[in-house]
Amino acid sequence: MILDLHLHSDRSDDSRAPVESYLKLLQRKRDERPLDGIVLTEHRQFDPSRDFRDLEDRYGIRVLNAAEVETDYGHMLVFGVNADILARFDFADVRLPAQEVVDAVWRLGGVAVPCHPGRTNVGLCAHYETKPPLAGVVAVEALNGGSRKGEDERVAAMMAAHGYAGVGGSDAHLVSFIGTVATAFDADIRDMDDLVRELRAGRCRPVDFRPQRTPAASPA
Amino acid sequence: MPLEFDRAILGQEFDRVEGDPVTVDELVAFARALGETEPCYVDPAHPELVAHPTFVVRYRGRKFLPDTLPDPLKTRMSFDAGKDIEFGVPIRAGDRISVTSSLHDIYEKTGRSGSMTFVVVRFTIRNQDGALVGTIDNRMLYKR
């Protein structure tokens with residue numbers, strides 16, 4: 001199964017994309033971006049009342065709900081958000097203590113995945129240059145659809161050094177970016193419990209559906 | 001350091017402006033300037049003449065920021081970070097439009113360039129009957 005693990009809808013302050021618009025595009029572009037599901041990761045918030053069953057039925061695409069939070073080691077995707085995690089952390093706080101987030105989210109049944117780790121200021125790589133590595137991280141976002149040149153390459157080195165598994169996410173804020181990068185799973189992902197189980201085990205790998213540039217041929 | 005402020009200042013009205021009655025000429029001139037051709041926007045004699053929906057963005061308060069803006073932000077430069085507009089009932093000739101300004105939200109976020117504070121000033125725009133004509137959320141970005 002292939003899911004885009006990182007995207008933002010019009011609930012995030014910097015996106016205007018309705019969830020249904022994402023699904024319409026994925027339906028049209030199924031040949032190029034063969035996704036089975038998407039995971040909404042709104043900035044600094046989580047609404048447990050969001051119900052996507054009607055959209056799932058209409059478009060045949062799984063829609064799950066997670067969050068992107070901001071910590072003292074950069075941004076993290078939190079999967080498996082539940083009432084205990086919401087009671088433990090104020091998602092609007094842009095200075096959450098990263099080690100506590102990783103530990104407590106795990107203990108409370110979820111998993112925290114550092115996202116765009118190669119990004120300046122808000123990526124894990126930058127913080128590892130001056131601070132000790134976090135304990136308990138099992139996977140990081142190896143491929144992010146919004147990465148600039150060199151950012152994902154930095155992540156590969158960090159993953160090798162720390163033995164992290166990798167995921168992929170488009171980080172879409174615009175409809176056209178959905179599913180350009182995603183995560184492949186061998187297991188069936190029916191719900192968030194399945195997703196958390198597979199992420200915790202590191203049974204995941206990033207996939208890239210962006211058109212790949214081929215080097216220009218040298219003149220004869 | 002997080003920005004400390006009293007969240008009770010959010011949602012409080014800090015300015016109200018009421019304009020002169022909207023004229024047919026204003027509605028038609030605006031629509032024609034956009035290149036609009038639909039008769040209901042550009043024909044002064046049309047029985048259902050209404051303002052083009054984007055006419056609503058002409059309206060703003062006299063005072064753009066409240067006195068209650070947290071002190072650390074008062075002396076810092078800000079950038080226009082965009083607007084969100086929700087359209088309500090159409091504006092018609094003769095309408096008297098009022099604009100009420102309130103401090104809608106203040107929030108922080110972090111990005112490649114560091115920490116940022118966003119201030120959102122909301123214009124609530126109504127006609128003489130109190131019907132909602134539009135809501136404009138103006139976002140301003142303050143770099144830390």
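**Close-up 1. Helix α6 of chain A and the glycine that follows.** In this predicted model, helix α6 of chain A runs over residues 151–162. Its 12 residues reach 17 Å from the first C-alpha to the last, close to the 16 Å expected at 1.5 Å a residue. Look just after α6(A) and you will meet A:Gly163, which takes a positive phi of about 70°.

**Close-up 2. A lysine in the loop before the helix.** A:Lys149 sits in the loop between β6 (139–144) and α6 of chain A. Is A:Lys149 buried or exposed? With 6 other C-beta atoms within 10 Å, A:Lys149 is exposed, because 12 or fewer such atoms count as exposed. You can also find A:Gly118 in this view: A:Lys149 and A:Gly118 are 31 residues apart in sequence, and their C-alpha atoms are 9.9 Å apart in space.

**Close-up 3. The largest nonpolar core.** This core holds 55 residues. Those touching the most other members are A:Ile38, A:Ala66, A:Val78, A:Val101 and A:Val113. Strand β3 of chain A (residues 62–71) gives the most to the core, with five residues. In soluble globular proteins, nonpolar side chains tend to be buried together.

**Close-up 4. The surroundings of A:Ala66.** Which residues is A:Ala66 in contact with, leaving aside its neighbours within four places in sequence? They are A:Val39, A:Leu40 and A:Thr41, together with A:Leu77, A:Val78, A:Phe79 and A:Val81. Another core, of 14 residues, lies apart from the largest one, and its members include B:Leu27, B:Val28, B:Val99 and B:Ile136.

**Close-up 5. The open sheet of chain B.** Here five strands are lined up in the order β1-β3-β4-β5-β2, with antiparallel pairing. Strands β1 (13–18) and β2 (79–87) of chain B stand at the edges; each has a single partner strand, so one side of each is left without a neighbour in the sheet. Ignoring direction, neighbouring strands are turned by 25° against each other on average. At the β2 edge, seven bridges join β2(B) to strand β5 of chain B (residues 132–143), and the two run antiparallel. To follow one pairing by eye, start at B:Asp80, whose bridge partner in β5(B) is B:Met140.

**Close-up 6. Where the two chains touch.** Nine residues from chain B and 10 residues from chain A take part in the contact. On the chain B side, β3 (98–111) and β4 (114–126) each supply at least two residues, and β3(B) provides the largest share, five residues. By type, this side of chain B divides into two nonpolar, four polar and three charged residues.

Note on methods
Residues numbered from 1 in each chain as written. Chains lettered and ligands numbered in written order. Predicted model: local features only at pLDDT ≥ 70, side-chain atom pairs only at ≥ 80, totals over all residues. Core = buried A, V, L, I, M, F, W, Y, C linked by C-beta atoms within 7 Å. Buried ≥ 20, exposed ≤ 12 C-beta atoms within 10 Å, placed from the backbone. Helix = DSSP H or I, 4+ residues; strand = E, 2+ residues; numbered from the N terminus. Contact = placed C-beta atoms within 7 Å. Expected span 1.5 Å × (residues − 1). Pairing = 2+ DSSP bridges. Axes fitted to C-alpha atoms, helices over the stretch in contact; angles between N-to-C directions. Nonpolar A, V, L, I, M, F, W, Y, C, P; charged D, E, K, R; others polar.
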